[in-house]
Amino acid sequence: MKGYASWGRYPKAIPAMVYGPHWADELFPKDAHFLLPYGNGRSYGDSCLNDSGALLDMRGLDRFLSFDHSTGILRCEAGVLLADILALVVPMGWFLPVTPGTRFVTVGGAIANDVHGKNHHRTGTFGQHVQRLALRRSDQGVVLCSVTENADLFHATIAGLGLTGAILWAEIQLRPIANAAMDTETIRFSNLDAFFDLSGESDRDYEYTVAWIDCLAQGKFLGRGLFMRGNHATPQEKLPAPPGKTRGFPVDMPFPLVNVWSLRAFNSLYYRKQFAKMRRTITHYEPFFYPLDGVLHWNRLYGRRGFLQYQCVVPPESAKESIRALLEIIATARSGSFLAVLKVFGNRFSPGLLSFPRPGATLALDFPNQGQHTLDLLDQLDTIVASAGGAVYPAKDARMSGEHFRQYFPRWEEFQRYIDPRFSSSFWRRVTRT
Amino acid sequence: MRHILIVGATSAIAEATARRFAQEGDRLYLVARNPERLAAVASDLETRGATQVETMVLDANDTTKHSELITQAETTMGGLDTILVAHGTLSDQKACESSFDETLKELQTNCLSLISLLTHVANRFEEQKHGTIVVISSVAGDRGRQSNYVYGTAKAAVSTFLQGLRNRLYRSGVTVITIKPGFVDTPMTASFRKGKLWVSPEKISEGISRAIQRKSDVVYLPWFWKFIMVVIRLIPENFFKKMKL
């Protein structure tokens with residue numbers, strides 16, 4: 001039987017039942033279990049899990065319903081993967097308005113988590129480009145939602161963690177491109193101040209900006225890394241070839257391959273991967289947006305115990321100090337990941353009641369699951385984020401306290417009114433009942 | 001560009017295969033019972049690149065409409081060169097054991113309705129001297145087993161019918177392909193426990209495309225079922241009858 005884990009494979013949860021609807025007209029199963037839609041299992045923690053409840057495996061709803069080549073409006077069922085959309089629309093000169101760091105998420109999942117990407121400072125979140133959606137609810141049947149019809153439910157469903165009903169289909173406004181190429185620059189920077197300078201000067205001219213951080217660097221090198229910025233390329237004479245076949249990480253490692261030695265070696269080498277301080281290249285969009293999608297099942301690298309991802313945002317006023325404090329704790333703990341990512345969000349608020357992105361700087365990285373030690377470390381990080389007035393991303397979380405969640409997302413009570421009476425998740429029970 | 005008639009177009013295997021046809025830009029004529037589901041499949045295939053998608057809501061058991069259906073498909077697409085027959089139900093063996101009416105219904109859906117369709121199509125293709133007939137049969141037809149012999153009987157009859165048709169139409173340049181899938185993870189088999197031998201409809205559709213390209217005769221999907229079924233057929237009957245299969 002197919003496994004229904006989350007991407008971090010922590011915590012473990014076993015659904016009592018799994019249903020696989022294939023058609024939008026299928027009703028919910030009649031038994032008494034609480035339901036939760038499950039997309040492609042790319043949420044890291046327990047927001048896609050429903051321990052002892054029932055999952056609705058939405059991948060069977062994977063049809064394109066319409067695509068207007070001239071306006072770029074795509075309507076598709078909720079189980080369609082962003083990868084399928086790209087395969088269809090890129091050759092026709094269109095691209096996703098917003099894409100997260102993996103293209104293997106469903107449209108329903110992208111809406112339910114209101115995902116963001118490297119262009120947040122320009123275009124906001126995924127949910128801001130959804131024009132309309134259909135929701136199946138246990139109490140109201142099929143409800144059409146947009147900013148003009150059932151607007152409250154629409155706004156609750158964006159970043160609604162799948163709790164407001166099952167999204168059946170959605171209409172998304174795509175953005176035009178000239179070709180599949182990206183015009184990119186990679187700039188090495190030696191500390192956190194340099195990062196904020198680069199970010200400040202790049203966000204105006206570059207649609208996409210993000211930085212990789214060496215999370216083990218300390219002292220005057222704290223926060224050093226590589227800054228990546230880019231735009232969709234203008235028409236080119238010669239286009240870069242798409243990357244070859246993806247490879248899968250074959251087996252579960254019996255122990256995590258990520259440890260302080262491998263991490264130190266990787267980070268030092270990666271920081272020096274280019275000789276020049278700045279390198280400009282025209283590249284295919286895949287390696288630019290989805291470096292990790294090249295290795296399927298890369299989560300197996302962390303072994304059977306899995307890993308915890310941590311992504312927070314801290315407000316702009318104190319962003320530099322907060323990020324510095326977070327990085328200091330991580331570097332001292334000698335933990336953290338190959339891929340630590342730092343980005344400055346823009347000022348566009350999403351209408352989603354539980355939307356995570358907000359003005360400020362966001363830091364994301366993962367930690368091999370070392371039990372209590374890891375949980376304690378993340379609690380320490382939460383203390384800083386909470387006192388700065390920031391937030392932690394539910395889609396990536398497996399452990400934040402209910403108290404912190406309610407502080408990070410003050411509209412949670414308002415949101416609660418829109419939850420489908422038959423829906424629940426492991427995450428929701430954890431953060432509202434403890 | 002091919003002109004393809006698909007009967008049972010909302011079945012998981014047919015839908016997966018039709019997506020491949022759509023990507024090639026073929027013209028498609030889809031037949032299924034449920035109008036909403038048929039419409040969803042049609043818009044998907046259109047978006048994926050099919051040059052033309054037409055639909056007809058029809059229960060394949062309504063054999064009086066078969067001749068008209070084929071004429072319709074031929075006229076609206078401006079020709080007909082391929083048919084994929086994929087409709088069917090997974091019989092409730094226990095219900096069939098206690099009721100002949102139930103058994104007859106299953107044989108009607110999974111065997112007689114196909115034979116009716118194929119009779120019409122065979123004659124058209126024989127006349128035009130080209131065409132490809134692809135039919136989803138099953139490994140279940142290779143040997144009768146207590147757990148699903150009514151379904152197996154229907155599929156065995158279909159496979160044998162196709163054998164004869166292949167032999168008859170060979171001289172007319174018409175290809176007849178029997179597809180025998182093993183365990184496929186589809187809504188039809190939703191209630192089954194899935195082991196290692198189960199595959200997705202996408203995997204099966206890949207095999208179907210290949211079979212059409214190579215003008216194959218009988219194709220087991222995935223390939224290893226050919227060997228499993230050779231072994232199962234080799235077991236002597238006086239031993240086989242004692243097995244719980």
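Helices, which are DSSP runs of H or I with at least four residues, and strands, which are DSSP runs of E with at least two, are numbered from the N terminus.

**View 1. Helix α5 of chain B around B:F125.** In this predicted model, local features need pLDDT of at least 70 and side-chain atom pairs pLDDT 80 or more, whereas totals for chains, interfaces and linings use all residues. Residues are numbered from 1 along each chain as written, chains are lettered from A and ligands numbered from 1 in written order, and side-chain values use heavy atoms, without hydrogens or water. B:F125 sits in helix α5 of chain B, which runs over residues 100–128. With a relative accessibility of 1%, B:F125 counts as buried (under 20% relative accessible area; exposed is over 50% and partly exposed in between, with a 1.4 Å probe and protein chains only). Apart from its neighbours within four places in sequence, B:F125 is in contact (heavy atoms within 4.5 Å) with B:L80, B:D81, B:T82 and B:I83, with B:H130, B:G131, B:T132 and B:I133, and with B:V174. B:T63, by comparison, is separated from B:F125 by 62 residues in sequence and by 19 Å in space, C-alpha to C-alpha.

**View 2. Two backbone features on either side of strand β7 in chain B.** B:K215 lies in the loop that joins α7 (201–214) to β7, and the phi of B:K215 is positive, at about 50 degrees, although this residue is not a glycine. At 54% relative accessibility, B:K215 counts as exposed. The loop between β7 (218–221) and α8 (225–234) holds B:P222, and the peptide bond that leads from B:L221 into B:P222 is cis, with omega near -15 degrees. For the setting of this view, chain B has 9 helices and 7 strands, and its C-alpha atoms fill a box of roughly 55 × 40 × 35 Å along the principal axes. Buried residues make up 51% of the 245 residues in chain B, and of its contacts between residues at least 6 apart in sequence, 72% join residues at least 24 apart.

**View 3. Aromatic pairs in chain A, shown at A:Y4 with A:Y38 and at A:F405 with A:W428.** Rings of Phe, Tyr and Trp (its six-membered ring) pair if their centres lie within 6.5 Å, with planes under 30 degrees apart counted as stacked, over 60 as edge-to-face and the rest as tilted. By this rule there are 28 aromatic pairs over all chains. One of them joins A:Y4 and A:Y38, whose rings are edge-to-face, with 5.0 Å from centre to centre and 75 degrees between the planes. Because A:Y4 belongs to the segment before β1 (17–19) and A:Y38 to strand β2 (residues 35–38) of chain A, the pair ties together parts that are 34 residues apart in sequence. Both partners count as buried, A:Y4 at 13% relative accessibility and A:Y38 at 5%. In the second pair, the ring centres of A:F405 and A:W428 lie 5.7 Å apart with their planes at 85 degrees, so this pair is edge-to-face too. The pair links distant parts of the chain, 23 residues apart, with A:F405 in helix α10 (residues 402–408) and A:W428 in helix α12 (residues 426–433) of chain A. Here A:F405 counts as buried at 0% relative accessibility, and A:W428 counts as buried at 6%.

**View 4. An aromatic cluster in chain A.** A:F95, A:Y208, A:Y285, A:F288, A:F289 and A:Y290 form one aromatic cluster. The chain around this cluster has 12 helices and 20 strands, and its C-alpha trace spans about 60 × 55 × 45 Å along the principal axes. Of the 434 residues of chain A, 61% count as buried, and residues 24 or more positions apart account for 76% of the contacts with a separation of 6 or more.

**View 5. A helix residue and two backbone features of chain A.** A:I330 is placed in helix α8, residues 319–333, and is buried, with a relative accessible area of 0%. A:L381 is 51 residues from A:I330 in sequence, while their C-alpha atoms are 8.5 Å apart in space. Elsewhere in the chain, A:P11 lies in the segment before β1, and the peptide bond from A:Y10 to A:P11 is cis, with omega near -5 degrees. A:L161, found in the loop between α4 (151–157) and β9 (166–173), has a phi near 55 degrees, a positive value in a residue other than glycine. At 9% relative accessibility, A:L161 counts as buried.
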